[in-house]
Amino acid sequence: MITQLTLVNFKAFRRLELPMGPLTLLTGLNSSGKSSVLQALALLRQSFGPDRTTSPEGGLLLNGELVEMGTARDLLHDDFGPADDLLATGAPVVGFVVEADNLPSRFIARYDLGQPDEDVMEAYDFPAFRSLLREPFQYLHADRITPAVTYPRSRQIAIDRGFLGVRGEHTVNYLRHNAEREIPDGPLRHPGATSPQLLDQTVAWMQELCPGVNLQTSAIEGTDFVRLSYGFGGTAGINATRRRRPTNVGFGLTYALPIVVACLTATPESLILLENPEAHLHPKGQSRMAALISAAAATGAQLVVETHSDHVLNGVRLAVKRGGLRPDDAVIHFFRGNGSGAEVISPRVDKDGMLAQWPEGFFDEWENLLDQLLD
Ligand SMILES: Nc1ncnc2c1ncn2[C@@H]1O[C@H](COP(=O)(O)OP(=O)(O)OP(=O)(O)O)[C@@H](O)[C@H]1O
Ligand SMILES: [Mg+2]
């Protein structure tokens, strides 16, 4: 497990040292650097991970399947500083130190002043590094699949690699192929599901968002596409048996599906990066997503989650209070950089789910507005 990530001269950060745990929550202002942390991990995996088709000696690969970072000039922190502790060179460097189980691994990329617009950077250290290369690996961007009539069918991505795609575009095909795979007995298995199988477990978690909903997936014969349909078990609509296409049901269901399935892929070996799991969900659905995310972390997987939702935060706190997660396993960071500098405050959570500090601007808008309403 990654216990600390250090970023040097990377985007908004001249130097950021960020402790991590089984569940790391990244919260804070817009454009404060939360996604950049996920991008850093994804960038390393894209460059040095198992899906890189050429030799890792090819360098830091800025544009690829996981992230599109642009050029070296885009990546290098505008006000970059010396990084002699990483590499004694006259040239600027972008550095990453990934500490896993107290063993630091360094990744250093040199910024070539003569070639700032290249989308590959010469790399110096790229040790074989298990904690970043964990499988299964999932990374879901904030911008995910929307309801559609068809979704892609890629054996290589969804089935051979078990990857849902950064927009979750391979989720339906993954679910179709793995419908009968059993979720092991443990925190992730939903007790209300009709069976331990993945499709039934997915349905049970989706019912937390929309009671009565069920899902079906199927291949569309003669094409490279798969289809998803919803049913509502009589709770919505007169004809309980009628299937509905994603475009004719609530947007939030399809938007949340990749998050649910990504969490259900969790094993003690996995690394799961999620942006805004709360997007398009009603408040209770958001806190139930936090319960699922906490359950995934409790299996031993490592999750790094960016969120703007107090319901996600509180859902995680509740999971700690209920004993689903150890207090130290939930690591919370509040980013309040303003685009020109980074500041991170990390309130610790105790066994009762209480936070040791509550910095100004940290999920305090409820109180701010209530004060004004009651004034
Ligand atoms: N080369 C660079 N040098 C300095 N700062 C940079 C550089 N590239 C990007 N940035 C800054 O990094 C920040 C990136 O923000 P990021 O996308 O991580 O935000 P976020 O916290 O995820 O926001 P949101 O909540 O909207 O998703 C921006 O403030 C941007 O100005
Ligand atoms: Mg973001």
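These legends describe close-up views of a predicted model.

**View 1. A salt bridge joins D85 and R15.**
Side chains of opposite charge can pair when their charged atoms come close. Here the closest N and O atoms of D85 and R15 are 2.9 Å apart. D85 sits in the loop between helix 2 (72-75) and strand 5 (93-100). R15 belongs to strand 2 (residues 13-19). The pair therefore ties together parts that are 70 residues apart in sequence. How accessible is R15? Its relative accessible area is 39%, so R15 is partly exposed. This bridge is one of twelve salt bridges in the model.

**View 2. A salt bridge links strand 7 and strand 6.**
The partners are E122 and R110. Their closest N and O atoms are 3.2 Å apart. E122 lies in strand 7 (residues 120-123). R110 lies in strand 6 (residues 103-110). The two residues are twelve places apart in the chain. E122 has 44% relative accessibility, so it counts as partly exposed. R110 is partly exposed too, with a relative accessible area of 23%.

**View 3. D352 pairs with K351.**
These two residues form a salt bridge. The closest N and O atoms are 3.5 Å apart. Is each partner buried or exposed? D352 has 37% relative accessibility and counts as partly exposed. K351 is exposed, with a relative accessible area of 58%.

**View 4. Five residues make a nonpolar surface patch.**
Which residues build the patch? They are W366, L369, L370, L373 and L374. The patch covers about 600 Å². W366 is found in helix 9 (residues 365-374). At 57% relative accessibility, W366 counts as exposed, because the cut-off for exposed is over 50%.

**View 5. E275 is buried and has no salt bridge.**
E275 is part of strand 12 (residues 271-275). Which side chain of opposite charge is nearest to E275? That is R144, 6.5 Å away. A salt bridge needs the nitrogen and the carboxyl oxygen within 4 Å, so E275 and R144 do not form one. The side chain of E275 does have a polar partner: it makes a polar contact with the side chain of S35, at 2.9 Å. Setting aside residues up to four places away in sequence, E275 touches S35, L38, Y139, L140, H141, A142, R144 and E306.

**View 6. N276 has a positive phi.**
Most residues other than glycine have a negative phi. N276 is not a glycine, yet its phi is near 45 degrees. N276 lies in the loop between strand 12 and helix 7 (283-298). Is N276 buried or exposed? At 12% relative accessibility, N276 counts as buried, because buried means under 20%.

**View 7. K11 also has a positive phi.**
The phi of K11 is about 50 degrees, although K11 is not a glycine. Where is K11 found? It is in the loop between strand 1 (2-10) and strand 2. At 28% relative accessibility, K11 counts as partly exposed.

**View 8. G59 is a buried loop residue.**
G59 lies in the loop between helix 1 (34-48) and strand 4 (60-61). Its relative accessible area is 0%, so G59 is buried. How far apart are G59 and A123? They are 64 residues apart in sequence and 4.6 Å apart in space, C-alpha to C-alpha. Leaving aside neighbours within four places in sequence, G59 is in contact with S47, F48, R52, V120, M121 and A123.

**View 9. The side chain of S270 reaches a backbone nitrogen.**
S270 lies in the loop between helix 6 (251-264) and strand 12. S270 is buried, with a relative accessible area of 0%. Which backbone nitrogen does the S270 side chain reach? It is the one of T267, at 2.9 Å. Leaving aside neighbours within four places in sequence, S270 is in contact with R134, E135, P136, T265, A301 and Q302.

Technical notes. Residues are numbered from 1 along each chain as its sequence is written. Chains are lettered from A and ligands numbered from 1 in the order in which they are written. This is a predicted model: local features need pLDDT of at least 70, side-chain atom pairs count only at pLDDT 80 or more; totals for chains, interfaces and linings use all residues. Side-chain values use heavy atoms; hydrogens and water are left out. Helices (H or I, at least four residues) and strands (E, at least two) are DSSP runs, numbered from the N terminus. Buried means under 20% relative accessible area, exposed over 50%, partly exposed in between (1.4 Å probe, protein chains only). Patches are made of residues with over 30% relative accessible area and no salt bridge: like charges are joined within 9 Å, nonpolar side chains (Val, Leu, Ile, Met, Phe, Trp, Tyr) within 5 Å. Accessible areas come from the Shrake-Rupley method with a 1.4 Å probe; for residues, only the protein chains shown count as cover. Lys and Arg count as positive and Asp and Glu as negative; His and the chain ends are not counted. A polar contact is a pair of N or O atoms within 3.5 Å; within protein, one must be able to donate a hydrogen and the other to accept it, and residues adjacent in sequence count only if both atoms are side-chain atoms. Contact means heavy atoms within 4.5 Å.
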